[in-house]
Amino acid sequence: MTFDELGINLRHSSGQEKTQCPKCSNDRRKSSDQCLSVNIDEGVYKCHHCGWKGSINKTRTPIGRPIVKPDEPLTDLPKEVIKWFGDRGISEAVVGDAGIGYKDRWIQFPFYKGGEVVNIKSRTSDKQYRQSKDAEKCFYRFDHMVGMEAVIITEGEMDALSMVQAGYNNVVSVPDGAIAPNSNPSDRKFSYLLSAEEHLMGANTVILAMDDDPSGHAMRDELSRRIGREKCYRVTYPTDCKDMNEVLMKYGEDKITEIITDAHPYPIDGVVLVSDVLEDAIDLLNKPDSKGLSTGWSGLDEYYRVSPSEVTVVTGVPNMGKSEWIDALMVNMIQDYGWKFGIFSAENFPVKHHLLKLVGKFTGQAFWGDERIDEETARNSMGLLNDHIKFIGTQEDSVTIESILDQARILNFRYGLNGLIIDPWNTVEHKFRDSENETNYVSRVLASLNTFAKIHEIHIWVVAHPRKMESDNNRKVVVPTPYDISGSANFYNKADNCITVHRHKDEDEDYVGIHVQKIRFQYKNGYTGIGKLSYNIRNGKYGEYFKQDEKSLF
Amino acid sequence: MENISNKTKNHYFKEMEKMPNKPPSDYRMKRMARRLHKDFDRIWLLYEKGEVTFVEWKKSLHKWLQAELI
C-alpha cells in the first residue's frame, strides 16, 4: 500500500506534512482544510477531523536504502589483467594481497572493512567506473588506516596500490575520486569520512597525495579543511607526473619514497615559505577584484564584507540588536551562498525559540501574532535550515571556548562549516591559567580563535558586551567601541574586524547603525564607516535603510 | 533532452505537478530558490554522467522545491 493508493496527495518525499483527508475533506464545508497529518518517513497518517489513521509501514519507499554487502570477487585473474597491472608497475603479489578480482572485462577492487568486503569498485582498462549498488561508502583499504599514527590518502585505487608497491601499508584511497574545483560538494560526497572519523582524528599525520590537477587540489583542500590542517601534509610530484601511479611507472618505487619523505605541512606553524603561498598570491594577482562576500545589504558593502579565515568582534549596548543582526547576517549568508554555521547562542536558549526567530528572518514573515507564518511554510523553512545550522553547547552546564571549538571541529569534519558564532562572550565560562590575568587570557583565547579560523577557513563572529554604557551631554547613549569591551583592549587588537551595532533614533531618523570600526584587509573587505539598516520587528529582518523623504520617491 | 533518463524525468514531472502555484513571499527566498534551482540543474547533469546517485539527485530536487514553497 502507498500513500497514492490511499488517495493521500503529498507534495514532498520526506518529512512531515499536512494535507486534505481523502475520507472526509470532500464532505466538509471547509474542504480545503488540511486536517490530515502525514509522517512520510514513518509511513503513518492521522486525520484530526474524522480520526482516520493508519500506517503504510511495510510498503513505503525508504529514504535511505538498506546497505547491501557484495560477494567477494573472483580472484582468479587472467594473464592479461596481471600484465595490465604489471605495465603500471604493480606486481602480482600486491595485486593478490589486495584481493583484486575480474569479471566480464571489469577489474574489481574490493573495499575491505573489518575484514569483510563492503563495496566493490570496478573499472575497465578504458577508464569506465562503477560501484556495487547500495553498498557502504568507505575508504579503499579502510582496515589499513585503523590505529595508524600516520595515514596517506590518495585519489584512486591505482595510486594506493602504487604506494603499497613502494612499501607503504598505511595507505587508503577516497572511494569516489576528486571534486570539481569551485564546486560546493554535498556532505554525501564525503560520507565515507564518518566511518573513518575515529581513525583520522586519532592520527598525528595525514599525508594527502591527491592528483596534481585542479580537481585534486580542490579535493586536497577540502579534506585538509575537514581533517584539520595542523596535521595535514601535501606532496609535490615531478613536473611530468600528476599522480603516484605515473611516478611509479616513470621513476620507480624510490621516487615515491622520496616524495613522501619530502611531504610538507600546510603553512600554519607561523613559518610560511614563499613557495607555500606563491600560487595563492598569483591567483590573487590575477583576480584583483576578488572581494569578500556581500552581507546581503548593499548599503553595507562599502564598509563590511565577509571573508573566510577571519574573526569579527561585534559589540553594542544591550538591547540594541547585536544578536538579532548576527542572526540576520547568518540567514543572509545561508540564503545567498549556502553557508553552514555552528552557533553557540546562550541568550537564545531554549533552541526552539531561537529556531522560530530564525524562521521569521528566513521567510520574511512574522512568526507571532495573528498573521503569523503557517505551519507548512515553517516546516519547509526548518527543513532547509537543518542543512545549514548546527546549535552548539546546548547540553553542557558550563561551556568553554575550548569545548565550543571542539564541537565546531567535529561539525566541520562532518558537514564542512563556513561560519561559527559565539554569542555572547560573557556567557562562556572563562578558565584562566595559573598567574594569568584577564588581558593575557583574552589575548590567548582570541589567538586560538584566530588560528582555528585560519586552519579551517571559517569566519568566526564573537559577540561581546561593552563594560558599561556611557552617555553624552544630551544623555544619549554613546556608541561603544571595541576598546570598551569588558576585559581587554585585545578585542580590538586581535580581531580582524570590529563592528558596533547601535540603534539611532530621533525625530528625523530611526535606523540601526552598523559602525565598522576596524577592517584588517581593507582592499577586499571594505573601509571603516557607518552602514545604515532598518529593522522590521514583525519578522526580525534587517533591510536597506531609506530616510522618510527618500522613501516617497518610490 | 534525449539523454535524460525516464526515471528522473518521471520523478521530476510528478513532483512538479504537486507544486502549488504560489508566488514567492520574500525576495531573499526567491534568490535562494534560484540558487538551489541552478544547483539542481548542475546535479542533474552530474547524475546523467553517473557522478552522483539518484538519492542525491532527489535530495537536491527536494531542497529546491522546499525553497520554492516558502
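Modeller: Let's begin with a rule we will need: an angle under 35 degrees counts as roughly parallel, and 65 to 115 degrees as roughly perpendicular. Please keep in mind that what you see above is a predicted model.

Biologist: Happy to try that. At what angle do H1 and H3 of chain B pack, and how far apart are their axes?

Modeller: In chain B, helix H1 covers residues 6–18 and helix H3 covers residues 54–68. They pack at about 20°, with the axes 12 Å apart. H1(B) and H3(B) are therefore roughly parallel to each other. Their crossing is right-handed.

Biologist: Which residues make the contact?

Modeller: From H1(B), look for B:Lys7, B:Thr8, B:His11, B:Tyr12, B:Glu15 and B:Met16. H3(B) brings B:Phe54, B:Trp57, B:Lys58, B:Leu61, B:Trp64 and B:Leu65. By type, the residues of this contact split into seven nonpolar, two polar and three charged.

Biologist: B:Trp64 appears in that list. Is B:Trp64 buried or exposed?

Modeller: The cut-off for buried is under 20% relative accessible area. B:Trp64 has 6% relative accessibility, so it counts as buried. You will find B:Trp64 in helix H3 of chain B.

Biologist: And which residues does B:Trp64 touch?

Modeller: Leaving out residues up to four places away in sequence, B:Trp64 touches B:Tyr12, B:Met16, B:Ala33, B:Leu36, B:His37 and B:Phe40. Take B:Phe40 as an example: it is 24 residues from B:Trp64 along the chain, yet their C-alpha atoms are separated by 7.1 Å.

Biologist: Stepping back, which elements does chain B have?

Modeller: Chain B has three helices and zero strands, running α-α-α from the N terminus on. Of its 70 residues, 41% are buried. For contacts between residues at least 6 apart in sequence, 76% join residues at least 24 apart. The accessible surface of chain B is about 4200 Å², and 53% of that belongs to carbon and sulfur atoms.

Biologist: Now chain A. How many helices and strands does chain A have?

Modeller: Chain A has 16 helices and 22 strands. It holds 554 residues, and 49% of them are buried. Here 62% of the contacts between residues at least 6 apart in sequence join residues at least 24 apart. Chain A exposes about 26800 Å², with carbon and sulfur atoms supplying 48% of it.

Biologist: Let me practise on a helix pair there. At what angle do H10 and H11 of chain A cross?

Modeller: Helix H10 (residues 351–363) and helix H11 (residues 375–386) of chain A cross at roughly 100°, and their axes come within 10 Å. That makes H10(A) roughly perpendicular to H11(A). On the H10(A) side, the contact uses A:Leu355, A:Leu356, A:Leu358, A:Val359, A:Phe362 and A:Thr363. On the H11(A) side are A:Thr377, A:Ala378, A:Ser381, A:Met382, A:Leu384 and A:Leu385. The residues of this contact divide into nine nonpolar, three polar and no charged.

Biologist: One last residue, a lysine. Is A:Lys524 buried or exposed?

Modeller: With a relative accessible area of 18%, A:Lys524 is buried, because the cut-off is under 20%. A:Lys524 sits in helix H15 (residues 522–525) of chain A.

Biologist: What does A:Lys524 touch?

Modeller: Not counting residues up to four places away in sequence, its contacts are A:Ser290, A:Lys291, A:Gly292, A:Arg305, A:Ser307 and A:Glu310. Try picking them out in the structure above.

Key:
Residues are numbered from 1 along each chain as its sequence is written. Chains are lettered from A and ligands numbered from 1 in the order in which they are written. This is a predicted model: local features need pLDDT of at least 70, side-chain atom pairs count only at pLDDT 80 or more; totals for chains, interfaces and linings use all residues. Side-chain values use heavy atoms; hydrogens and water are left out. Axes are lines fitted to C-alpha atoms, for helices over the stretch in contact, and angles run from 0 to 180 degrees between N-to-C directions. Helices (H or I, at least four residues) and strands (E, at least two) are DSSP runs, numbered from the N terminus. Angles under 35 degrees count as roughly parallel, over 145 as roughly antiparallel, 65 to 115 as roughly perpendicular and the rest as oblique. A crossing is left-handed if the near helix is turned anticlockwise from the far one by less than a right angle, and right-handed if clockwise. Contact means heavy atoms within 4.5 Å. Ala, Val, Leu, Ile, Met, Phe, Trp, Tyr, Cys and Pro count as nonpolar, Asp, Glu, Lys and Arg as charged, and the others, Gly among them, as polar. Buried means under 20% relative accessible area, exposed over 50%, partly exposed in between (1.4 Å probe, protein chains only). Accessible areas come from the Shrake-Rupley method with a 1.4 Å probe; for residues, only the protein chains shown count as cover.
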